[in-house]
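Visitor: Could you take me through this model, please?

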Amino acid sequence: MLDIVLVALILSNFVLLGSSRLSSCIRTAALQGIMAGLLPLATAGAGLSLRIVALGLAVVALKGFVFPHLLNRALRESATSREVQPFVGYTPSLLAGLLALAASFWLDGRLALPTHSASSILVPVSFSLMFTGIFLLVARRTAVNQVLGYIVLENGIYAFSLAVVRDIPFLVELGVLMDMFVAVFVMGIAIYRINSEFDHIDSDRLSTLKG
Amino acid sequence: MTQAWVLIPAILILPALLAVAGMLSRSARVALGICAAGTVATGALMAALAALVPHGAAVTVPGGWLRVDSLSALHLVVMAIVFCLGALQAPGYFRHGVADGSFDRRTARRYAGLWFGSLAAMAAVLLSNNLGLMWVGIEATTLLTAFLICVTTTPGSLEAMWKYLLMCSVGVALAFTGTLLLAASAGRTGIHGTEALLWTSLAASARGLDVQLVKAGFVFIVIGYGTKAGLAPMHNWLPDAHSQAPAPVSAVFSGFLLNAALYCILRCLPVAEAATGDAGWARGILVAAGLVSILTAAAFVVVQRDLKRLLAYSSLEHIGIVTLGAGIGGVGAFAAMYHMVLHSIAKSTAFTGAGRLIEIFGGNDMKRIRGSLSAAPLWGTCLLVSLLALVGTAPFGLFFSEFMMLRAAFDAGSYAVGAAFLAGLSIVFIGVLRHAIPMAWAPGEKPANPHVPGIVEWLIVALPLAALLLSGLWMPSFVREAFAAAASVTGVLP
């Protein structure tokens with residue numbers, strides 16, 4: 001069960017790297033968020049508690065439904081192209097994804113982290129999510145896509161936290177979730193404002209301030 | 001004395017209540033008034049709490065999640081000063097906007113809410129003993145202050161906000177990974193669950209931590225929080241955000257936001273250093289990061305034409321200096337604390353003056369600001385004197401802190417570090433004075449609106465400038481003890 005979710009997470013990375021339409025990217029990121037939300041239920045095994053279920057549900061609700069809704073709205077209200085418009089083409093992106101995956105497994109071997117998890121590939125998968133997120137942040141042109149990159153990065157960190165620290169205090173978990181929610185919310189508003197001010201949401205054209 | 005801890009939750013709750021009050025205020029003027037009075041009240045609470053913390057000891061809230069020791073007490077005082085300077089100058093700075101309606105009630109309410117929100121979030125960073133909670137506070141400050149940059153929306157402020165939001169969110173996300181790695185490193189010591197994130201328990205059993213994981217975690221923490229602190233090469237957002245934000249907000253950004261992020265790195269420094277066997281591994285990273293920041297700032301200060309960007313790069317330099325001092329350790333760490341306090345005071349004052357001069361001369365371009373001493377004596381003096389203090393002219397305190405740091409570097413045998421540091425300081429000295437002198441004295445046409453400053457404005461210029469001057473001439477023993485106690489929290493003095 002756990003391994004299926006993890007492989008699906010890796011696959012979703014590649015879909016994100018290879019797809020050309022923003023709306024399908026948002027949908028993929030939503031699916032990835034739902035899978036990340038299911039991870040704690042899958043890793044818990046026998047120690048399934050109410051807290052873990054609540055956390056999983058909260059993540060699924062936020063990443064699977066609230067974020068895509070916010071981003072879709074930002075996309076609808078902006079008059080710009082629905083294409084991804086990458087700096088780095090799709091094929092090189094997919095290759096970079098492969099490279100990131102290989103690097104993740106290598107890094108995991110080097111670090112020898114004390115994991116508690118049921119699956120040995122949880123840590124490398126979380127690394128590959130982080131790498132993919134950072135790659136999307138720098139290699140994509142539109143602001144919406146950068147937010148997606150941030151969400152993928154956060155998914156990676158979330159998976160990583162499940163692997164290495166079994167019990168983060170609940171209050172901190174809630175705080176992290178809250179912050180993430182607000183971050184994406186704020187970014188959504190920022191996109192909206194940038195769009196109404198500039199008539200575009202291409203962040204590479206936000207380049208008046210330099211030096 | 002035993003009940004001093006009640007002040008800790010009070011400092012977190014009061015700004016939250018004030019934020020609500022600010023968001024419900026009747027007019028823009030009232031909202032700014034609440035900002036000023038509320039910030040002074042919260043600042044008084046912080047100062048009182050800091051005074052109650054004995055040197056080398058700590059005040060802890062039952063449960064252990066919130067805690068104030070000498071390092072956080074010193075930062076609390078700096079924070080109180082910087083926020084008060086920012087809040088007290090706001091009514092004057094926004095008065096035109098209030099009069100012509102561009103700073104209307106809605107904007108003012110939002111401004112007040114965000115102002116107190118950031119105040120509470122930054123206080124939470126300083127007061128928390130839990131590294132996770134500290135992270136939550138830093139992330140919250142990022143999100144709240146992002147909107148303060150574009151209180152009045154312009155294309156430039158939106159661009160700055162987007163860069164700030166994206167770079168700092170990603171940076172802070174990496175810092176969270178670092179925090180997780182630190183917590184994971186405690187696996188072997190028998191600390192588990194909630195305690196693995198408590199700074200006190202990590203510091204107490206630092207020698208038993210997993211060295212590999214601590215190293216990885218510390219690198220992530222330096223990169224992550226370093227982005228927020230503006231350490232080069234992760235500083236790109238800093239000049240944009242500082243130059244586009246309104247002056248009271250720039251004052252808080254430069255004066256305290258950077259320090260708050262650096263504080264998080266300083267918290268983790270003793271843990272990383274003890275875990276790696278006090279071999280100077282973690283300190284070395286800070287020395288390198290500090291030097292790179294100083295030299296980067298020096299390169300950019302020379303080519304600046306925009307006054308607020310110049311001040312922003314100067315902040316980059318000073319954050320680098322504090323980081324360098326903490327990295328050198330010993331006397332260097334003492335000098336770093338001394339420098340941190342004085343830089344915050346000087347930079348907030350410089351932004352106060354710069355904000356008004358930009359308004360009077362109608363632009364950020366330093367070529368337009370000419371003869372400010374005769375055109376607007378108070379603000380001209382304010383900017384000139386604070387710039388002189390910032391570049392390290394004697395007898396201002398910053399001269400002595402930089403001198404002490406240089407001595408510490410040479411005493412430790414790091415001649416190359418000392419030389420690079422000195423080179424950076426000299427370039428900045430020349431680069432800033434080249435602009436500061438014409439801005440103060442060069443002949444130019446007198447602008448039309450000589451606004452007569454009020455008593456509060458005189459005070460927020462005169463008091464900090466007097467403090468800067470006095471700090472170089474005389475250091476009372478309680479201040480010296482406070483610096484020494486704060487420095488010793490960042491590591492054992494070698």
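Guide: The conversation below covers chain A, aromatic contacts, a helix pair and some individual residues.

Guide: This is a predicted model, in which local features need pLDDT of at least 70, side-chain atom pairs count only at pLDDT 80 or more, and totals for chains, interfaces and linings use all residues. Residues are numbered from 1 along each chain as its sequence is written, chains are lettered from A and ligands numbered from 1 in the order in which they are written, and side-chain values use heavy atoms, with hydrogens and water left out.

Visitor: How many helices and strands are there in chain A?

Guide: Chain A has seven helices and zero strands; these are DSSP runs, helices being H or I of at least four residues and strands E of at least two, numbered from the N terminus.

Visitor: And what share of chain A is buried?

Guide: Of the 211 residues in chain A, 56% are buried. Buried means under 20% relative accessible area, exposed over 50% and partly exposed in between, with a 1.4 Å probe and protein chains only.

Visitor: Turning to aromatics, how many pairs are there over all chains?

Guide: The count is 17 aromatic pairs over all chains. Rings of Phe, Tyr and Trp (its six-membered ring) pair if their centres lie within 6.5 Å; planes under 30 degrees apart count as stacked, over 60 as edge-to-face and the rest as tilted. Phe300(B) and Tyr313(B) form a stacked pair, at 4.9 Å centre to centre and 5° between the planes.

Visitor: Where in chain B are those two residues?

Guide: Phe300(B) is in helix 12 (residues 281–302) and Tyr313(B) in helix 13 (residues 307–328), 13 residues apart. Phe300(B) is partly exposed, with a relative accessible area of 29%, whereas Tyr313(B) is buried at 3%.

Visitor: Which residues form an aromatic cluster?

Guide: One cluster consists of Phe83(B), Tyr93(B), Phe94(B), Phe103(B), Tyr111(B) and Trp115(B).

Visitor: Which charge sits over the ring of Trp199(B)?

Guide: The charged end of Arg267(B) does, 4.4 Å from the ring centre. The criterion is NZ of Lys or CZ of Arg within 6 Å of the ring centre and within 35 degrees of the ring normal. In chain A, Lys63(A) lies over the face of Tyr158(A), at 4.8 Å from the ring centre.

Visitor: At what angle do helix 1 and helix 2 of chain B pack?

Guide: Helix 1 (residues 7–23) and helix 2 (residues 28–52) of chain B pack at about 180°, with their axes 10 Å apart. Axes are lines fitted to C-alpha atoms, for helices over the stretch in contact, and angles run from 0 to 180 degrees between N-to-C directions. The two helices are therefore roughly antiparallel, a term for angles over 145 degrees.

Visitor: What classes of residue make up that contact?

Guide: The contact has 16 nonpolar, three polar and no charged residues. Ala, Val, Leu, Ile, Met, Phe, Trp, Tyr, Cys and Pro count as nonpolar, Asp, Glu, Lys and Arg as charged, and the others, Gly among them, as polar.

Visitor: Is Ser118(B) buried or exposed?

Guide: Ser118(B) is buried, with a relative accessible area of 2%. Leaving aside neighbours within four places in sequence, Ser118(B) is in contact (heavy atoms within 4.5 Å) with Thr141(B), Leu144(B), Thr145(B) and Leu148(B).

Visitor: Which residues does a cis peptide bond join?

Guide: One such bond joins Ala232(B) and Pro233(B), with omega about 0°. The peptide bond from Ala394(B) to Pro395(B) is also cis, with omega near 5°.

Key: Angles under 35 degrees count as roughly parallel, over 145 as roughly antiparallel, 65 to 115 as roughly perpendicular and the rest as oblique.
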